[in-house]
Each structure stands twice: as C-alpha cells, then as structure tokens.
Amino acid sequence: MEGQQGQGSRATLGLAQAHFQKGEHAEAETLYSAYIRQCACAAPGAPAGSECSPEDLATAYNNRGQIKYFRVDFDEAMDDYTSAIGVQPDFEVPYYNRGLILYRLGYFDDALEDFKKVLELNPGFQDAILSLKQTMLDKEEKQRRNY
C-alpha cells in the first residue's frame with residue numbers, strides 16, 4: 001500500500017508539472033495542492049524510504065506559488081514560497097521569487113535579504129544579481145525622495 005501511495009504521489013507531481021509547463025495553471029494548481037496534501041510524509045521525522053522528497057515538495061510549493069503570482073495573489077504566493085524554503089532551505093528559486101514580490105510591494109530591505117540569500121546559495125544566478133542591483137538603486141531613490 002505504501003509503495004502505491006508513493007507512486008500516486010509521483011504521478012500527481014508529474015501531471016502537475018506537465019500542466020504547469022503547458023500553461024494550464026488551474027489544473028496544475030489543483031494537482032500541486034493534491035501532491036502537497038499527500039506529502040505530509042516529507043515533514044521532518046518522516047520514515048526512511050518515504051516517497052515524497054523534500055526537493056519535490058519544495059518544487060510543488062514553489063510552482064504553486066508561481067501560479068498564484070501569475071494571478072497577482074501575492075500574499076498566497078509568498079506563503080507558498082516561504083513553505084518551499086521551510087522544506088528545503090538551500091533551494092534558491094523560492095527566495096528569488098519571494099524577493100520579486102517583496103520588491104514589487106516596495107519592501108526593499110526584505111527583498112534585498114532574499115536576493116542576497118539567493119546569491120549566497122548560487123552566486124551565478126544572473127537574474128538575482130540584476131534584481132539585487134535594481135533593488136539597491138530603488139531603495140536609495142526612495143530614501144532620497146523621503147518616502
């Protein structure tokens with residue numbers, strides 16, 4: 001039974017990824033949510049041999065966050081990015097994605113923290129390098145104008 005559940009989880013994730021890549025976001029979101037529910041086993045202390053890896057769970061949270069970002073549901077997207085980080089703290093992509101939202105909302109200090117973390121984890125992440133520079137410039141401009 002346990003092996004069948006693991007196969008079901010992997011199949012759900014695979015279907016979610018396929019829909020996501022085709023831009024079928026409603027279907028992908030439903031499947032990512034189902035996968036996340038199935039993967040309570042990926043929590044700390046999960047039994048050895050669990051079929052839900054932290055990497056897959058973090059990817060599911062990150063990609064579901066992307067779907068929420070696309071529909072401009074920033075609070076829920078940030079919740080998913082934060083969940084992805086909680087599951088896999090060395091996964092740089094959700095830090096970057098959360099940083100983009102924080103930047104768009106004008107929370108420059110928090111965005112800077114996330115972009116710096118991305119570059120700590122992956123110094124060659126070009127989009128994070130550019131985002132960090134732009135955030136620093138915009139923060140300085142905001143301070144110069146006293147808002």
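This section describes the fold, the disulfide, two helix packings and two buried polar positions of a predicted model.

The protein comprises seven helices and zero strands, and from the N terminus its elements follow the order α-α-α-α-α-α-α. Of the 147 residues in the protein, 41% are buried. Among contacts between residues at least 6 apart in sequence, 50% join residues that are at least 24 apart.

The disulfide count comes to one. The bond is formed between Cys-39 and Cys-52, with an S to S distance of 2.4 Å, which lies inside the cut-off of 2.5 Å applied to pairs of cysteine sulfur atoms. The torsion about the S-S bond of Cys-39 and Cys-52 is about -75°, and the disulfide is therefore left-handed. Cys-39 and Cys-52 both lie in the loop between α2 (25–38) and α3 (54–70), 13 residues apart. Both cysteines, Cys-39 and Cys-52, are buried.

Cys-52 also takes part in the surroundings of Ser-9, a residue of helix α1 (residues 2–21). When residues up to four places away in sequence are not counted, Ser-9 touches Tyr-35, Gln-38 and Cys-52. The relative accessibility of Ser-9 is 1%, so this residue counts as buried, the limit for that class being under 20% relative accessible area. Ser-9 and Ile-36 are separated by 27 residues in sequence, while their C-alpha to C-alpha distance is 8.9 Å.

Two helix packings were examined. Two packed helices are described by the angle between their axes and by the distance between the axes. In the first packing, α3 and helix α5 (residues 92–104) meet at an angle of about 25°, with their axes 10 Å apart. Because of this angle, α3 is roughly parallel to α5, as angles under 35 degrees are assigned to that class. The crossing of α3 and α5 is left-handed. On the α3 side, the contact is made by Asn-62, Gln-66 and Tyr-69, and on the α5 side by Val-93, Pro-94, Asn-97, Ile-101 and Arg-104. Classified by residue type, the contact of α3 with α5 contains four nonpolar, three polar and one charged residues.

In the second packing, helix α6 (residues 108–121) and helix α7 (residues 126–144) pack at an angle of about 155°, and their axes are 9 Å apart. The angle makes α6 roughly antiparallel to α7, a class that takes angles over 145 degrees. As for its handedness, the crossing of α6 and α7 is left-handed. From α6, the contact draws on Phe-108, Asp-109, Ala-111, Leu-112, Phe-115, Lys-116, Val-118 and Leu-119. From α7, the contributing residues are Ala-128, Ile-129, Ser-131, Leu-132, Thr-135, Met-136, Asp-138, Lys-139 and Lys-142. The residues of the contact of α6 with α7 divide into 10 nonpolar, two polar and five charged.

Asp-114 is likewise located in helix α6. With a relative accessible area of 5%, Asp-114 is buried. Its contacts, not counting residues up to four places away in sequence, are with Tyr-95, Arg-98, Gly-99 and Leu-102.

Conventions:
Residues numbered from 1 in each chain as written. Predicted model: local features only at pLDDT ≥ 70, side-chain atom pairs only at ≥ 80, totals over all residues. Heavy atoms only, no water. Axes fitted to C-alpha atoms, helices over the stretch in contact; angles between N-to-C directions. Helix = DSSP H or I, 4+ residues; strand = E, 2+ residues; numbered from the N terminus. Parallel < 35°, antiparallel > 145°, perpendicular 65-115°, else oblique. Left-handed = near helix turned anticlockwise from the far one by under 90°. Contact = heavy atoms within 4.5 Å. Nonpolar A, V, L, I, M, F, W, Y, C, P; charged D, E, K, R; others polar. Buried < 20%, exposed > 50% of the residue type's maximum accessible area, 1.4 Å probe, protein only.
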